[in-house]
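The following report describes a predicted model, and it begins with charged side chains before turning to the nonpolar interior.

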Amino acid sequence: MHSFAIIAAVVIIFAVLLDAFETVVLPRRVQRNFRITRWFYRNTWRPWAMLTSHIQSQTRREAFLGYFGPLSMIALLGLWACGLIFGLALLEYGSGAHLSAGNTPITFGVLLYHSGETFFTLGYGDITPTSGFSRALSVAEAGMGFAFLGVVIGYLPTIYTAFSRREIEISLLDARAGSPPSAAELLTRAADTIDRGTLDLLFHDWKRWAAEVLESHISYPVLSFYRSQHSNQSWLGALTVVLDATALVMAGIDGVNNEQARRTFKIARHAVVDLAQVVNAHYDPSAPDRLTPQDLAVLRAQLTDKGLRLKGDADADQRLAQLRALYEPYVQGIARNLFISVPPWIRHDAIRDNWRSGPWERIIQAQGLGKIAGTHHGTVDDHF
C-alpha cells in the first residue's frame, strides 16, 4: 500500500511540475497525449460558454465570456498548487508519516494540512517532521511554495503585456475598417491613399501583428480566451479582415501591387491554421458561405465606386475562391469554439465606428435639438 502511494505521489508531482514548466517556462507548444492544462481548458470552457445562451444582450454576453480568461488562469494556478500539495502529502504518507503533532493522531487529513501549511510557508509549528526524509521533504515543499509564488508574480504581467500589445492594433483598426471591421470598408477607406503606399504600409504592420499573435497565443494559449474591450471587436475578427483584404488584392485589383499583400496573407494564414489547433477547432463542411455571389457583386460595386476595379473574370473569381478556402474553414472553426462572431465581407447595416459612439450621444443630440433641458436626463447607451 505504501509503495503504491509513493509511486502515485511521484507521478502526480512530476505531471504537475512538467505541465507548469511547459505552460509557463517553456514558451512553445509541446505535443503530448495528455496535458493537465489542455484537459483543464477543454472541460471548463465549454460549460462556461454554454451559460451565455441564456444572456440576450451581446454586450453582457461578451462581458461574461471575458471573465473566463483571467479566472481560468487563476483556477489553473490553484489546480497546480492543489496537485502539488496532495502529491507531497501522499508521498509523506507512503514514506511512513514521520511527523509529530502532540497528542493528535496522524491521519491523511493531517498530512494534507501539514503539506498545505508547508507549501504556503505558514510556519505554525504545530506539526514537526521527525526523520531526515520528512525534514528534507518539508524543505523541498517550502521551496516549491516560493517558486510557485514567483511563477504567479512573473506569469500574470507577461500575459497582460501580450494582451495589451494585441489590443493596440485592434483598436487602430476601428478607424480603418469600421466596427465591426470588414474587408470592403478597409479597402474603400484606403482607396484615396493607395498610390502613396498606405495600403502596403498597413499590410506590413498587420503582418508583424499577425506574427506576434501567432507567437504569443501559441506560447500562452489562455490569451485566446481574452476578449477585446468592445463587444464588436476581437483578435480573430481583425485577423480575418486582414486575410479577406489581402485575398482581394491577391485576386486582382487594377493598379494595386500585391507583393506586400502576399507576405501578409502567408503570415496571417499561418496564424489561423496553428491557432485552430491550439483551441482544438474542428472542420465543419456544412459551414455557411461567408461571401455569396450577391455579396461579391455588391463588394465589386463598392470598390468600383472608390476607383478600385476588382477583376471580374472567371480566373479572378476562382483565384479568390481558392484563397478563401485556405483560411476560412480554420477561421470558422476557431469562431465556433471560442463563440466569436466572424466579421462579414461587407456590411449591410449602417456603419458606425466605435470612436463615433459614446454613452451620452443620444442625450447630447436631443439637447442640441432642444428636446431636453438638462444633460442628466435620458437613456445612457452602453459604449462597450
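R324 has a relative accessible area of 11%, which is under 20%, and therefore counts as buried. Its salt-bridge partner D289, by contrast, is partly exposed, with a relative accessible area of 45%. Because D289 belongs to the loop between α9 and α10 (293-305) while R324 belongs to helix α11 (residues 314-338), the pair ties together parts that are 35 residues apart in sequence. Salt bridges with shared partners join D244, D289, R290, R324 and E328 into one network.

The structure holds 13 salt bridges, among them the three listed here.

| Salt bridge | N to O distance |
|---|---|
| D289 and R324 | 2.4 Å |
| R227 and E62 | 3.0 Å |
| E259 and R263 | 3.9 Å |

R227, in the loop between α7 (198-219) and α8, and E62, in helix α3 (residues 58-95), are 165 residues apart, so that this pair links distant parts of the chain, and both residues are buried. E259 and R263, on the other hand, lie four residues apart in helix α9 (residues 259-278), about one turn of the helix; E259 is partly exposed at 39% relative accessibility, and R263 is partly exposed with a relative accessible area of 39%.

Turning to the nonpolar interior, the largest core has 95 residues, and those with the most contacts inside it are W80, L187, L199 and W235. Helix α8 (residues 235-252) gives the most to this core, with 13 residues. A second, separate core of seven residues includes A89, A97, L99 and A101.

Technical notes: Residues numbered from 1 in each chain as written. Predicted model: local features only at pLDDT ≥ 70, side-chain atom pairs only at ≥ 80, totals over all residues. Heavy atoms only, no water. Core = buried A, V, L, I, M, F, W, Y, C linked by side-chain atoms within 4.5 Å. Buried < 20%, exposed > 50% of the residue type's maximum accessible area, 1.4 Å probe, protein only. Helix = DSSP H or I, 4+ residues; strand = E, 2+ residues; numbered from the N terminus. Salt bridge = Lys/Arg side-chain N within 4 Å of Asp/Glu carboxyl O.
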